[in-house]
Amino acid sequence: MLTTGLSEPAREDLCADAVVWASQHGLVYGAGRADLPAALVHAPLAVFPVAYPKASYVKAQAAMPIFNLLIDRISRDSAYLQQTLAPAAEFDDFTANLLRIHQETLSLRETRADKQLTLGLHRSDYMLDELSNTLLQVELNTIASSFGCLSTLMTQLHHYILQRAGCSDQEVQRLPHNQVTADLTSAMAAAVKAFKVNDAVMVMVVQPNDNNSYDQQWLQTVLWEKHRVRTLRCTLTQIAKEAELHESSGRLTIWGRTVAVAYLRAGYAPEHYPTAVEWQGRKMLEQSNAALCPSVAYQLTGAKKIQQDLAAGNTLERFLSADEAKLMRKCFAGLWSLDNLEDPETKKVLKEVREHPERFVLKPQREGGGNNLYGQAILDRLKDPKGLAAFILMQRIRPPINRCLMIREGSSFEVDSLSELGIFGAFLSQGSEVLINKQAGHLVRTKAASSDEGGVAAGFAVLDSPSLQ
Ligand code: ADP
Ligand code: MG
Ligand code: MG
């Protein structure tokens, strides 16, 4: 949008302004330089917001509180989680380990169920499907949903850029208010408060040398400045080795502090558990009485396999009212299980995959981007039927294509692009009482139309924001 009407010097000027504004306001990213560990670079970004249909944006926002509830209800149905994920776990050690911890801590958590605080900070991601003219869910993230704080800054950057470019007030007002940082930190602070232990802290569980640590650090800065809650950053290894768990009460302490909230920005990928020690750390969290964001049950609920199962049959209706389920179903794309390759429905869809692999995405039970299979890689994987139960098959969504002026590491370039909208959700409960349930702002990521995968961290996409039309 907007890029065509600008002269070359004006564009260059705006690009330079965007980079400076990003650096001045903390819209930044670790540069990943071993020789300069503190080196920063502006986050990869789109210079102008992307035109987005208002009706779809509003629908996605309205769906979020229902998704929050849905996640919470599913997470309490342990038998359903165990049973639905068992076929995937048979071929996937990562899922198997999570299921094991879930099973081993079940009775412990049941005894504390009425007092237990649960904090959910989720992000539901969508793409517009041009063919059907609908907004379809790509996936639902229940662990380490990132870029909330940088996205809050992206909205501010686009305000600034539109004003600098001489756009009308009406144009600037098309940028929806974005409150992710404030909403996530308010929910975290509410969880700490409800924990009712003086000076208890939030532990942010991180991976060492995460380039996206500034997005995380914004949360801890605001949590301190606005709510006077202290955050300790530690790894799963440190939890296993340096935290203490008081078995009967569940009180977890580390470095002399009681942990009220454990917020995980790590633990979603197998490489975060290089040894049994990290799994031990994860289990200690699960045994504690801290508000876990997420619990293992929440993490399992976010599995792609669960997403697929909810789209099939009438599982969804078990957890939601008929009206709510109907609303949710409207945003489900085509999803298929590969648990039973002899099933006639599965055979039918696999025939279509072989003829038109470009219509599908094959997804393992993984998070963090860069794990899905497309095109020829799907056909290659299907040649070996072993372990396919650990994958789901999904309709490939085809979003509209827009020109986008992007900047990465100071260099600008224009490409055909497509966008993914994420809506954050905040949920806090104590026992069966819901204390917070709301949508908590948005994220838009835009990537080159030629790239299969998204992911800002993975280097495929840039941060963007919607201009509602
Ligand atoms: P992850 O949990 O690793 O982020 P996703 O399901 O979000 O997994 O897939 C990663 C990226 O792959 C998405 O951001 C999107 O760009 C692309 N993608 C995933 N599913 C689809 C789909 N059904 N249609 C089109 N693109 C998809
Ligand atoms: Mg994900
Ligand atoms: Mg994703």
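Let's start with glutamine 216, which counts as buried because it has 21 C-beta neighbours inside 10 Å, and the cut-off for being buried is 20 or more. Keep in mind that what you're looking at is a predicted model. Glutamine 216 is part of helix H9, which covers residues 213-227. Leaving aside residues up to four places away in sequence, glutamine 216 touches Met204, Val206 and Arg265.

Why begin there? UniProt, in an unreviewed entry, gives the feature "binding site" at Gln216, along with Arg123 and Arg445. Take arginine 445 next: you'll find it in strand E18, residues 433-448. Arginine 445 has 24 C-beta neighbours inside 10 Å, so it counts as buried too.

Now move over to a small piece of architecture elsewhere in the chain. Here three strands make up an open sheet, with antiparallel pairing, and their order is E13-E15-E14. At the edges sit E13 (335-337) and E14 (360-364), each of which pairs on one side only. Going from one strand to the next, the twist averages 25°.

Zoom in on E14 and its partner E15, residues 391-395: the two run antiparallel and are joined over five bridges. If you'd like one pair to look for, pick leucine 362, whose bridge partner in E15 is leucine 393.

And what lies across these strands? That's helix H13, residues 304-311, which lies across E13, E14 and E15. Compare its direction with that of E13, and you get an angle of about 105°.

Key. Residues are numbered from 1 along each chain as its sequence is written. Chains are lettered from A and ligands numbered from 1 in the order in which they are written. This is a predicted model: local features need pLDDT of at least 70, side-chain atom pairs count only at pLDDT 80 or more; totals for chains, interfaces and linings use all residues. Two strands pair if DSSP finds at least two bridges between them. Helices (H or I, at least four residues) and strands (E, at least two) are DSSP runs, numbered from the N terminus. Axes are lines fitted to C-alpha atoms, for helices over the stretch in contact, and angles run from 0 to 180 degrees between N-to-C directions. Two residues are in contact if their C-beta atoms, placed from the backbone, lie within 7 Å. UniProt positions are given in the numbering used here, feature names are shortened, and annotations may be inferred rather than shown by experiment. A residue is buried if 20 or more other C-beta atoms lie within 10 Å of its own, exposed if 12 or fewer, and partly exposed in between; C-beta atoms are placed from the backbone.
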